[in-house]
Amino acid sequence: MRMSKKVVIAGLLAATAALAGCGSSNGDAGDGEHGGSDDHVHIDPYDPAHLDEVGTATTAMETILSWQPAVDESKSDALRRARPWLGGDLAATVDNDNGGATGIRPDRDWSAWKESGDALTASCTKAESTPAAPEGMRTVVIDVSCRQTVLHAAGSSTNLAAQTWRTTITRTDDGWRLTDYRYQ
């Protein structure tokens with residue numbers, strides 16, 4: 001079966017016309033404008049400037065409670081990794097640490113984790129015990145429930161008991177920052 005050139009050309013023109021209409025989703029009658037952007041700006045969801053107070057509390061605490069005992073000297077290394085989300089005296093403590101311990105107590109299992117090559121990761125969420133804060137406050141208290149998981153070098157994992165941490169989050173010109181945290 002042979003198709004004529006006219007049928008092929010008509011088919012191509014119809015397909016082209018159909019595809020030309022696929023680019024508009026705004027319902028306007030062909031005004032040529034679109035609501036998109038060609039900026040191609042990458043927004044880092046963990047950038048402190050883009051996080052709200054809850055995002056800052058959970059991201060900072062997840063970083064502070066995620067450890068690599070085989071590589072880290074102490075839990076202070078995790079606190080230094082959390083530096084982008086820290087502010088106030090807590091940030092000053094990290095900045096003035098000069099590589100030493102920041103006064104964080106070692107975990108009783110640290111040596112065993114280090115020897116076996118285990119790592120710990122934390123997952124945190126806003127806890128129901130978070131006190132209500134009036135609208136517009138520049139400093140808020142957020143309780144954060146965190147669960148650490150031990151990732152064993154052999155491939156298995158062990159969930160540790162969830163812990164609640166009371167965090168203080170302060171609004172700065174560059175976004176929210178964690179300025180204090182305490183185990184509840």
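Modeller: A salt bridge is a side-chain nitrogen of Lys or Arg within 4 Å of a carboxyl oxygen of Asp or Glu, and with that in mind we can look at this predicted model.

Biologist: What makes R166 and D143 a salt bridge?

Modeller: The side chains of R166 and D143 meet with N and O 2.6 Å apart, and because the limit is 4 Å, the pair counts as a salt bridge. The pair links distant parts of the chain, with R166 in strand β4 and D143 in strand β2, 23 residues apart.

Biologist: Why is D143 called buried and R166 partly exposed?

Modeller: D143 has a relative accessibility of 2%, and buried means under 20%, so D143 is buried. R166, at 31%, falls between the limits of 20% and 50%, and is therefore partly exposed.

Biologist: How do you know that R182 and D180 form a salt bridge?

Modeller: Their closest N and O atoms are 3.6 Å apart, which is within 4 Å, so the pair meets the definition. R182 is called exposed because its relative accessible area is 53%, and exposed means over 50%.

Biologist: What makes the buried residues of helix α4 line one face of the helix?

Modeller: In α4, residues 88–95, the buried residues are L90, A91 and V94. Seen down the axis of α4, they fall within an arc of 95 degrees, so they line one face of the helix. The face turned away from that buried side carries the exposed residues G88 and D89, while what covers the buried residues includes α3 and β5.

Notes
Residues are numbered from 1 along each chain as its sequence is written. This is a predicted model: local features need pLDDT of at least 70, side-chain atom pairs count only at pLDDT 80 or more; totals for chains, interfaces and linings use all residues. Side-chain values use heavy atoms; hydrogens and water are left out. Buried means under 20% relative accessible area, exposed over 50%, partly exposed in between (1.4 Å probe, protein chains only). Helices (H or I, at least four residues) and strands (E, at least two) are DSSP runs, numbered from the N terminus. The arc is that of the directions from the helix axis to the C-beta atoms. Contact means heavy atoms within 4.5 Å.
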